[in-house]
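The following note concerns charged side chains and their pairing. Please read it alongside the coordinates.

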Amino acid sequence: QVQVVESGGGLVQAGGSLRLSCAASGSILSIGTMYWYRQAPGKQRELVASITSGGSTTYADSVKGRFTISRDSAKRTMGLQMNSLKPDDTAVYYCNADVWTNMGGYRSYWGQGTQVTVSS
């Protein structure tokens, strides 16, 4: 079994910063690409950022220059540093990871989500 757990959400004023963390554990042989998604009320879940096992990153246009994704492959953790937060960043943030287990092949695992609320 694989568990993915996010932490670090909370309430912050516009212009402030938060750091999210994601930790994967369980029967993991390796982790491929890791992702941060978010879902605001009444909206579809959207990809915020991704990072490959080699460290290559991608960002949604809406967060470029403000958010920074990182990972520690040895510790099986991922972070999302969020600066200059805006009310539009309010959402539940989800960690997603492509995990190789002893069942063979990469499978996608989701965390339970962490709420980020940015007040104006």
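Is Asp-89 buried or exposed?

1. Asp-89 is buried, its relative accessible area being 2%. The model is a predicted one, and this value is computed from it.

2. Asp-89 takes part in a salt bridge with Arg-38, where the closest N and O atoms lie 2.9 Å apart. This contact links distant parts of the chain: Arg-38 belongs to strand 4 (residues 30-39), whereas Asp-89 sits in the loop between strand 8 (77-82) and strand 9 (91-100), 51 residues apart. Arg-38 is buried as well, with a relative accessible area of 5%.

3. A salt bridge also joins Asp-89 to Arg-66, at 2.7 Å from N to O. Arg-66 is in the loop between strand 6 (57-59) and strand 7 (67-72) and Asp-89 in the loop between strand 8 and strand 9, so this pair ties together parts 23 residues apart in sequence. For Arg-66 the relative accessible area is 9%, and the residue is therefore buried, the cut-off being under 20%.

4. Arg-38 forms a salt bridge with Glu-46, and the closest N and O atoms of that pair are 2.6 Å apart. Glu-46 is partly exposed, at a relative accessible area of 33%.

5. Taken together, Arg-38, Glu-46, Arg-66 and Asp-89 are linked in a network of salt bridges. Side chains of opposite charge can pair when their charged atoms come close. A search of the whole structure gives 4 salt bridges; among them are the contacts of Asp-89 with Arg-38 and with Arg-66.

Conventions: Residues numbered from 1 in each chain as written. Predicted model: local features only at pLDDT ≥ 70, side-chain atom pairs only at ≥ 80, totals over all residues. Heavy atoms only, no water. Salt bridge = Lys/Arg side-chain N within 4 Å of Asp/Glu carboxyl O. Buried < 20%, exposed > 50% of the residue type's maximum accessible area, 1.4 Å probe, protein only. Helix = DSSP H or I, 4+ residues; strand = E, 2+ residues; numbered from the N terminus.
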